[in-house]
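Work through the exercises below with the model open. Try each task before reading its solution.

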Amino acid sequence: RRTGQYTMNHDHSKKIPDGASFDRSGSQDSLDELSMDDYWKELENIHETRGNNHEERVALVVKEPDEGELEEEWLKEAGLSNLFGESSGDSLESVVFLSTLTRTQKAAVEKRIETVTQTMRKKNKQHQIPDVRDIFRLQNDSKGKVCEGSEPSTVRTSENKNETHDGTKGPKFSLGTDEQKNLLEDMPPSDTDINLEISFAEQAANLKDSSVGKMYRGGGGDTLLPNFRLPKDKTGTTKIGDLAPQDMKKVYSLALIELTALYDILGTEFKQQKAVKIKTKDSGLFGVPLSLLLEQDQKKVPGTKIPLIFQKLIAQIEETTLETEGLLRIPGVATRVKGLCQELEAKFYEGTFNWENVKQHDAASLLKLFIRELPQPLLTVEYLKAFQDVQNLPTRKQQLQALNLLVILLPEANRDILKVLLEFLQRVIDHRDKNKMTLKNVAMVMAPNLFTFHGFGSKTIEQSEFVMAAGTANVMRFMIQYQKLLWTIPKFIVNQVRKQNTENQKKEKKDKAMKKLLKKMAYDREKHEKQEKTPNDTDVPQGVIRVQAPHLSKVSMAIQLTEELKASDIVARFLSQKSGNVQTLKKEEVFLYEIGGNIGERCLDDDTYMKDLYQLNPNAEWVIKPKQS
């Protein structure tokens, strides 16, 4: 019997479903210590709130795609739309892009191109229809044979560590390919180490092929989550927000292809849902599209990335104390919450709303209401089902890897709010001794607010309600527990971006050289290049870099690289040079950036070993500056 949690048009039964506590191990990740009662009670409260809200809402229509439409959309999202259709001739950049893909990523792309090609042939579209094999043959013929040429990642162990596949000197990039299968077998990683150097899908394929896979499986009865960690990366960990927009665009495409490849390998269907546009409120607080809400708020507070009402509700809950028993679980009084909601709509922006009278449980109910009332889910229509499907992946490590990629794929506004929400939930859990809200309890209560979306008709999700409830509560648990890991950009993806940038620069250089040749300036150019090269060649053995710091009193310094020199040491060296006429900046306000070479711009974490990074990107410039908000 369905309870109609997906759409408002259902008959909302006030009863908890028969057998709600039916099977505590409904998903493969058992919650046997925990009754599902909190989940069903929360669902009941949600229905009650909706019952009191008589305004008729338009249900969000999820469009059923035509044959091949999903794949065509996927290729567009992955930045590969110029491989088919009218613009199929202009695919040089895509050839470079394809040359950086791993074996499993290529397979995922080939599969989608094949489907689109067949559909186009059926429809007899007047497009140039490429053959998949031709696309990848063209890519293999180009010099960028990255997949076959990649070798295991450690920069230091390779004797020719700076020699690329075409014999030229340059940094090595690890992309997680065929030869790295041996790397996995030689050095079995600790069960709790998350390997960011090798493609997740490649790891899954290698585990599938080997008997080692058995020991990676997360046991069903264990309710304790493993203490996953990221092993230290000498070239620095890259977080979302550390890269320039042009590189983030490439990261997005690669994350989409990688997630699809991972789901393909693990036999889970990856389908992006598509929402039909619906009429939404164009002002107010609750039920307003995020983009509009932020636009509204930025007029009041320029540069704000989190809706002001969301920030205020969290502050209001924390102001009382996070030690209140049953915080987030005990609902506010429904009629009072409805009244507060209307009053906030009228008075919040005028600044006349009286917060003193707002009870803590009511504020918590308003926070959850805000999330539920968004016209499109916080985890987006496109990816909500993929987030739910994380529960079906075989091992906990793979579930974590998929969540990592999904967080990268979220639009910036959604991702920023999710981050603030998860950090807040962790602070609630930190007071569990007093408030009795453990990780499991909080996950149980929050899962229905993020995963059961009012706009979806019941047809969209056909899973058993109970399995889905336990599964989404587990996904929620993962997101809270591992939130620090989820905002990391895997190194293999950053390396693929570096490789793309390097290949594109080579092509640009060739084009420029050709033009100069035609202008009969080849001799001058060579002479100029020789002069350019000499100081650089003497620079490398000395291992000296020049660091610029336009915002500080000491604006430039030559730094001798040593094995142990870290980014934080360089920042500290600059900050120790005091001067009265320049604004004093604290250590946490300025960062060392890697700019240019094979990356657009990257903010370095304090523990980045500079000599290792210099070997990875010898042509970069190094600048100390405040982080862009």
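The exercises go from the whole chain to one helix and then to a helix pair.

This is a predicted model, where local features need pLDDT of at least 70, side-chain atom pairs count only at pLDDT 80 or more, and totals for chains, interfaces and linings use all residues. Residues are numbered from 1 along each chain as its sequence is written, and side-chain values use heavy atoms, with hydrogens and water left out.

**Exercise 1.** Describe the secondary structure and burial of the protein chain.

Solution. Start with the elements: the protein chain has 25 helices and 7 strands. These are DSSP runs numbered from the N terminus (helices H or I, at least four residues; strands E, at least two). Then take burial: 52% of the 629 residues are buried (under 20% relative accessible area, 1.4 Å probe, protein chains only).

**Exercise 2.** Characterise helix α10.

Solution. α10 covers residues 245-265, 21 in number. Its first and last C-alpha lie 30 Å apart, close to the 30 Å expected at 1.5 Å a residue (1.5 Å times one less than the number of residues). Next, 16 of the 21 residues are buried, so α10 is largely enclosed by the rest of the structure. Gly267 follows α10, with a positive phi near 70 degrees.

**Exercise 3.** How do α8 and α10 pack?

Solution. α8 spans residues 200-209. The angle between α8 and α10 is about 15 degrees, and their axes are 8 Å apart. The two are therefore roughly parallel (angles under 35 degrees). Contact (heavy atoms within 4.5 Å) involves Phe200, Ala201, Ala204, Ala205 and Lys208 of α8, with Glu258, Ala261, Leu262 and Ile265 of α10.

Notes. Buried means under 20% relative accessible area, exposed over 50%, partly exposed in between (1.4 Å probe, protein chains only). Axes are lines fitted to C-alpha atoms, for helices over the stretch in contact, and angles run from 0 to 180 degrees between N-to-C directions. Angles under 35 degrees count as roughly parallel, over 145 as roughly antiparallel, 65 to 115 as roughly perpendicular and the rest as oblique.
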